[in-house]
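Morning, everyone. I'll take a few minutes on one model, starting with where two chains meet. Have a look at it first.

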Amino acid sequence: MALLEVEDLRVSFPGPGGDATAVHAVNGVSLELEPGRTLAILGESGSGKSVTAQAVMGILDVPPARVAGSVRLRGRELLTLAPKQRDRVSGEEIGMVFQDAMAALNPVFTVGDQLSELLRVRRGMSRSGARRRAVELIDRVHIPAAKDRARDYPHQFSGGMRQRIMIALAIALEPDVLIADEPTTALDVTVQAQVMELIAEIQRDSGMGLLLITHDLGVVAEVADDVAVMYAGRIVERATVEQIFAGPAHPYTEGLLASMPRIDRRDEELYAIPGSPPNPARLPSGCPFHLRCPRADDVCRATLPALEPLPAGRASACHHREELLHVSH
Amino acid sequence: MSATDERVLRVENLVRHFPVKGRLPFTSGGVVKAVDGVSFDLRRGETLGVVGESGCGKSTLARMLVGLERPTSGEVRFGDAVVHAARGRDLRALRRRIQIVLQDPYTSLNPRRTVREILLQPFEIHPDALDRKRRLDRIRELLDLVGLDPSVHLDRYPHQFSGGQRQRIGIARALALQPDVIVCDEPVSALDVSVQAQVVNLLERLQRELGVAYVFIAHDLSVVRHISDRVAVMYLGKLVESGPEATLYDAPAHPYTKALLSAVPVPEPVGRGDRRRILLAGDPPSPVNPPSGCRFRTRCWQATETCATTEPPLAGDERAVACHYPLAA
Ligand SMILES: Nc1ncnc2c1ncn2[C@@H]1O[C@H](COP(=O)(O)OP(=O)(O)OP(=O)(O)O)[C@@H](O)[C@H]1O
Ligand SMILES: Nc1ncnc2c1ncn2[C@@H]1O[C@H](COP(=O)(O)OP(=O)(O)OP(=O)(O)O)[C@@H](O)[C@H]1O
Ligand code: SF4
Ligand code: SF4
Ligand SMILES: [Mg+2]
Ligand SMILES: [Mg+2]
């Protein structure tokens with residue numbers, strides 16, 4: 001049994017004109033995460049990465065959102081839990097960090113107070129015990145002079161430090177799963193490297209599973225074990241990180257890798273995937289990528305390809321997946 | 001690229017200090033030395049990349065280059081004219097020749113104006129740039145040039161476009177008056193890789209066709225390498241190193257450049273455990289009280305006493321570095 005199993009997850013939001021204009025943000029996503037492993041979810045803006053994470057975390061407003069499918073943590077179904085129990089699970093067994101730390105932290109309390117309050121309410125710790133643990137956590141995320149800094153408010157920290165405070169909050173209750181939604185997108189490279197190194201270190205110590213959402217292929221190559229690529233609310237390719245970078249088995253992944261500028265050489269022109277992503281309220285017929293795909297044919301325009309297995313444990317949702325695997329090797 | 005030896009911009013010892021308020025009313029908290037003595041030349045038709053951590057002064061520099069911010073001292077020369085000294089007609093003429101594209105495609109366009117109105121606006125400010133009867137043709141050409149369809153897009157509002165399309169509208173607006181220089185302040189930072197590739201390719205094509213010179217500011221070092229002929233590295237308001245793209249990336253001479261480059265995640269999972277990365281300790285120091293001597297010394301692994309007492313000047317011409325002990329190639 002995997003630590004976290006997501007099966008056929010579907011999320012939609014009603015549109016202004018009712019069901020006909022509903023936004024189908026997630027259309028049947030299945031994932032598995034093992035303890036101590038890092039699964040990266042890659043995909044274009046609007047492909048449903050954050051909504052998937054929010055559904056797993058249980059922080060979507062239902063209604064208006066409609067959520068179907070299954071999310072299991074150590075075999076226990078979360079989607080059917082009563083709201084109170086669900087909150088407990090998402091607070092204690094699953095932690096989350098986001099891109100915007102300022103929005104996640106409360107501006108009117110010191111960071112020490114925010115951490116100790118969490119420990120007192122959830123762990124029933126004493127005031128002084130919670131305070132001591134809060135300082136330890138601030139120190140754990142490598143903020144110098146933790147004892148003094150605990151008395152500071154969020155705005156008194158730099159962007160990278162605020163991100164580290166949010167990580168301290170997310171790991172305070174020692175969750176089994178950490179979901180990180182673009183944790184370093186707002187940071188510059190030197191600070192980004194520090195934050196990713198910190199997350200990896202905590203993971204090594206605690207064996208926590210990490211679901212990392214990002215569109216930075218460099219970060220994926222550095223930290224992920226497995227990769228799931230999303231397009232238009234679906235997973236279109238799943239593989240190990242080595243497999244993906246050695247040769248993608250889906251034209252969208254191929255385009256994504258080709259459009260990345262490299263730091264170790266200078267290319268004449270970058271490849272750019274033509275067109276723009278489809279509107280999730282009006283997906284095209286057949287394969288949702290067919291309007292932008294250089295390999296599209298009549299089958300692609302008519303029939304939606306399912307995520308089908310390929311050799312070596314990988315999978316791709318493309319009618320031409322076998323050929324692709326051959327060309328790229 | 002078709003860079004010539006003609007200088008379109010000469011930047012001479014540019015300084016911008018911002019006074020900050022003290023903790024008590026009516027007291028002074030000193031000054032933020034946002035830009036503190038920056039000099040460089042920009043040649044016709046070339047791209048100069050500017051990189052550096054958040055807060056090092058890149059946007060302040062950009063605003064001074066286009067005359068939106070007055071320098072505390074120093075000057076920006078365009079031909080024979082000094083940008084911030086120009087008044088009235090001269091100033092308007094200069095503004096035509098030097099344009100800016102900003103980071104955020106979501107806030108840099110007026111949401112209540114259609115694309116037609118947004119693109120006509122530069123001609124309302126500069127009525128003598130083009131005869132009224134020919135303006136509509138011109139903006140159709142501009143849209144076409146940036147890959148948007150005038151018959152479909154002319155009367156839409158910004159919110160009806162994707163991020164990449166909005167950034168292209170911003171570029172079309174900057175091109176309207178056929179400038180010699182476009183200052184791009186993080187023009188692709190908010191876009192994901194596939195859209196980023198479209199915008200970068202567009203900028204390069206326009207340079208080939210129109211001979212416009214770019215100052216391209218970004219914190220993504222891979223994009224900067226891809227687009228730039230020369231690159232300048234900024235740290236706490238000063239340039240610490242500059243040179244041709246290939247030599248600077250392949251053989252950095254300043255320790256900060258080296259650290260910055262080593263922090264960039266490499267999109268290649270094979271051998272990732274063996275990669276050597278220089279993790280800079282801590283955050284950049286405050287620009288209110290920059291360290292004495294070399295500003296990088298508080299984070300530099302080879303700092304000596306000389307570095308604390310004597311500021312290293314930016315020495316060299318085509319390839320310049322500000323360090324007492326530059327790294328060997
Ligand atoms: N609360 C909501 N109500 C209605 N639509 C929503 C809501 N949240 C997300 N969506 C829509 O669902 C789709 C998927 O959004 P999501 O935020 O998951 O994208 P993403 O892959 O995380 O993109 P990004 O990389 O830009 O963060 C988008 O079309 C988005 O507009
Ligand atoms: N109007 C202002 N008043 C006071 N301080 C300012 C002002 N504008 C900028 N600063 C300060 O000047 C420094 C440089 O800011 P600037 O915006 O130029 O940095 P940047 O390199 O563009 O950073 P980023 O990568 O985050 O955009 C910062 O410390 C900033 O807080
Ligand atoms: S199914 Fe067809 S259109 Fe879709 S990705 Fe594969 S080749 Fe392209
Ligand atoms: S001058 Fe000294 S402190 Fe500054 S970068 Fe060079 S070695 Fe480091
Ligand atoms: Mg998101
Ligand atoms: Mg800036």
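Chain A and chain B bury about 3,600 Å² between them. Carbon and sulfur atoms give 56% of that area. Keep in mind that this is a predicted model. Which residues of chain A lose the most area to chain B? They are E222(A), I263(A) and R266(A). Together these three account for 23% of what the chain A side buries.

Now count residues. On one side, 47 residues of chain A are in contact, and they meet 42 residues of chain B.

What about specific pairs? How many salt bridges does the rule find across the interface of chain A and chain B? Zero. Polar contacts do turn up there: two residue pairs, both at pLDDT 80 or more.

Next, which elements of chain A give two or more residues to the side touching chain B? Helix 7 (159-171), helix 8 (189-206), helix 9 (217-223) and helix 10 (241-246). By residue type, that side of chain A has 22 nonpolar, 10 polar and 15 charged residues.

How confident is the predictor? For the complex, the predictor gives an ipTM of 0.75 and a pTM of 0.84. For chain B, the average pLDDT is 87, and 94% of the residues score at least 70.

Stay with chain B. Its fold holds 11 helices and 12 strands. Why call chain B as compact as a globular protein of its length? Its radius of gyration is 21 Å, and the globule rule gives 20 Å for 329 residues; the two values are close, so the description fits. Along the principal axes, the C-alpha atoms of chain B fill a box of roughly 65 × 55 × 45 Å.

Back to salt bridges. The interface had zero, but a search of the whole structure finds 41 over all chains. Take one inside chain A. R122(A) pairs with E92(A), with the closest N and O atoms 3.9 Å apart. The cut-off is 4 Å, so this pair counts. R122(A) sits in helix 4 (residues 111-123) and E92(A) in helix 2 (residues 83-92), so the bridge ties together parts that are 30 residues apart in sequence.

Last, some backbone angles. R74(A) has a phi near 45 degrees, which is positive, and this residue is not glycine. Where is R74(A)? In the loop between strand 4 (66-73) and strand 5 (76-77) of chain A. L236(B) also has a positive phi near 45 degrees, again in a residue other than glycine. L236(B) lies in the loop between strand 9 (230-235) and strand 10 (238-244) of chain B.

Definitions and conventions. Residues are numbered from 1 along each chain as its sequence is written. Chains are lettered from A and ligands numbered from 1 in the order in which they are written. This is a predicted model: local features need pLDDT of at least 70, side-chain atom pairs count only at pLDDT 80 or more; totals for chains, interfaces and linings use all residues. Side-chain values use heavy atoms; hydrogens and water are left out. Contact means heavy atoms within 4.5 Å. Buried area is the accessible area (1.4 Å probe) that two parts lose on being put together, summed over both. A salt bridge is a side-chain nitrogen of Lys or Arg within 4 Å of a carboxyl oxygen of Asp or Glu. A polar contact is a pair of N or O atoms within 3.5 Å; within protein, one must be able to donate a hydrogen and the other to accept it, and residues adjacent in sequence count only if both atoms are side-chain atoms. Helices (H or I, at least four residues) and strands (E, at least two) are DSSP runs, numbered from the N terminus. Ala, Val, Leu, Ile, Met, Phe, Trp, Tyr, Cys and Pro count as nonpolar, Asp, Glu, Lys and Arg as charged, and the others, Gly among them, as polar. pLDDT is the predictor's confidence in each residue, from 0 to 100. The radius of gyration is taken over C-alpha atoms; the globule rule is 2.2 Å times the number of residues to the power 0.38.
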